[in-house]
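Below are some comments on the model you sent, which I have set out as numbered points. I begin with a pair of helices and then turn to the sheet.

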Amino acid sequence: MDRHPLSLVALALVAASCARTGAPRGPAPLVPPSIDSMALRSHTFFLAHDLLEGRGTGRRGADVAALYLASEAERIGLQGAGPGGSFFQEVPIVEATVDSARTRLALTDAGNRQEFPYGTGFIPNVGTARTLVGFGGEVVYVGSAQDVLAAPSRLPPLAGRVVLLAGMFGAEAAAADTLRTRGATGVIHLVGDDERYQLYVRSRGPSRMFLDEAAAASSFIPDIPAVIASPSLERALLSGLPGAGEAAARLDRPVVLAGKRVDVAVGVSSRRPPARNVAAFLRGADPTLADEVVIYTAHYDHLGISTPDATGDSIYNGFSDDAAGAAMLLAIAQAMQRAPRPARSFLFLFLTGEERGLLGSDWYAAHPLFPPARTAAGINLDAGAPPAPSVHWRVAGGDRSTLGATALAVAARAGWEAQTAPASPNSDYFPLLRIGVPAVFLVPGPGPFDGMTAEASNALRRRWDAYHQPPDHWHADFPFSGLVRYADYAYRLGLEVAGGERPRMLAPR
Ligand SMILES: [Zn+2]
């Protein structure tokens with residue numbers, strides 16, 4: 001059970017008995033500080049509203065969201081942690097809009113030339129000024145990124161060739177470096193069925209963004225030119241091969257597709273739209289340890305306005321992704337304000353450009369407002385809005401530092417189950433790990449919700465799941481008890497870390 005509804009019931013009972021006896025109202029009874037579900041409702045109501053147009057990075061809707069977050073931080077009594085005491089940290093980005101007329105792919109197979117247009121045939125993957133360029137060469141299939149890293153000796157010569165990769169790089173970003181250093185000119189990602197391809201088309205949108213500072217390392221954007229193939233391009237590429245199925249083909253070994261050649265042209269036009277992180281500070285109680293921060297992260301950007309769905313809705317409201325996370329940060333800050341203050345300080349960091357490839361968090365990692373030496377931990381919330389309270393958790397990145405064991409212990413004390421999971425550059429905790437800050441990504445699930453069967457839990461998940469689609473709206477009847485529980489876990493972990501032993505990184509296994 002959540003503490004919050006119980007507390008309200010308790011308060012109501014006290015008030016009722018006072019009214020009956022006519023006793024004068026005494027001081028309010030002490031209620032343990034907890035997560036305010038009405039705050040979660042109202043913050044997400046605003047942030048996921050159509051008027052914010054999906055909070056696209058570099059768009060006015062995102063600016064309004066940033067202003068709202070700063071204004072709420074001001075109301076809660078937090079301090080600006082940006083330059084000059086401002087709540088904003090500017091993030092210089094470049095937006096490269098794909099020019100469809102100049103972006104195309106040609107497949108030559110035994111003298112036959114087939115053209116694939118941008119969009120229906122393929123899309124450029126995320127990229128930078130260095131990688132949003134054309135490439136070409138004979139085609140070679142190498143399996144997945146895991147295969148590349150597991151058995152680099154099995155790779156055929158790659159110099160001057162185009163690599164077909166099963167799936168994306170994901171957590172195996174190092175595979176991109178292997179392919180590049182072996183001379184591959186570019187990568188074609190094979191993602192399988194059309195549903196999956198369309199998810200990439202929607203998520204990438206019509207433009208690509210990257211940091212306007214070549215020296216700032218990227219956690220998510222692979223350093224090699226790459227495109228994502230539609231199922232029709234995938235079939236054409238793999239046709240005639242033994243073991244190649246209709247789609248999502250998985251050959252069992254690397255193979256040079258002799259006689260097949262791909263030439264990709266990529267044309268973009270660039271501009272530099274404004275973007276910013278929002279950073280709010282809450283000072284700890286200890287005169288010395290208050291110089292160290294525990295950082296909470298959530299991204300406030302989403303996909304903006306993009307491909308319309310079947311109903312014609314083109315606004316990607318991002319209620320669960322990640323208006324929910326930004327709202328949880330505000331609710332946690334509000335609860336912290338009412339709780340006895342722990343020794344260390346808190347930084348509530350609302351990041352931009354996550355959907356565009358961790359841009360806000362990569363910028364923060366390159367230009368931290370508190371240096372890693374004074375950053376005790378990072379706690380990231382970006383796993384959607386669970387529609388009921390979770391009793392199972394995954395602690396991604398928890399194996400990289402002692403923060404993982406602390407997160408497991410905090411869950412166990414609350415009667416929940418938690419396990420660590422490997423870190424992946426799929427959300428904003430990853431850049432913090434990259435600069436040596438113990439950081440975790442708390443993820444509800446995958447087990448049944450509190451007091452529910454697995455079947456009922458999964459039905460509820462399906463009822464509310466609209467990942468990266470326009471119907472990811474705010475709904476008046478959405479059950480916010482799941483977000484209260486999610487924020488409560490993060491709140492407990494933050495208090496534990498801010499008041500206890502400082503987490504440290506572990507040597508890689
Ligand atoms: Zn997200």
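**Notes on the helix pair and the sheet**

1. In this predicted model, helix 3 (residues 60-76) packs with helix 8 (residues 319-338) at an angle of about 10°, and their axes lie 10 Å apart. Because angles under 35 degrees count as roughly parallel, helix 3 is to be described as roughly parallel to helix 8.

2. On the side of helix 3, the residues that make this contact are Tyr68, Leu69, Glu72, Ala73, Arg75 and Ile76, while helix 8 contributes Ala326, Leu330, Ala333, Gln334 and Gln337. Sorted by class, the contact of helix 3 with helix 8 comprises seven nonpolar, two polar and two charged residues.

3. Turning to the sheet, eight strands form an open arrangement in the order 5-4-12-7-8-9-11-6, with mixed pairing. Its edges are strand 5 (112-117) and strand 6 (122-124), each of which pairs on one side only, and the twist from one strand to the next averages 30°.

4. At one of these edges, strand 5 runs antiparallel to strand 4 (residues 104-109), and the two are joined by six bridges. Within this pairing, Ala106 stands opposite Glu115 in strand 5.

5. Which helix packs on the sheet? Helix 7 (residues 231-238) does, touching strand 4, strand 5, strand 6, strand 8 (162-166), strand 9 (186-190), strand 11 (226-229) and strand 12 (255-265). The direction of helix 7 makes about 140° with that of strand 12, and the strands that helix 7 touches thus include both edge strands, strand 5 and strand 6.

Technical notes: Residues numbered from 1 in each chain as written. Predicted model: local features only at pLDDT ≥ 70, side-chain atom pairs only at ≥ 80, totals over all residues. Heavy atoms only, no water. Axes fitted to C-alpha atoms, helices over the stretch in contact; angles between N-to-C directions. Helix = DSSP H or I, 4+ residues; strand = E, 2+ residues; numbered from the N terminus. Parallel < 35°, antiparallel > 145°, perpendicular 65-115°, else oblique. Contact = heavy atoms within 4.5 Å. Nonpolar A, V, L, I, M, F, W, Y, C, P; charged D, E, K, R; others polar. Pairing = 2+ DSSP bridges.
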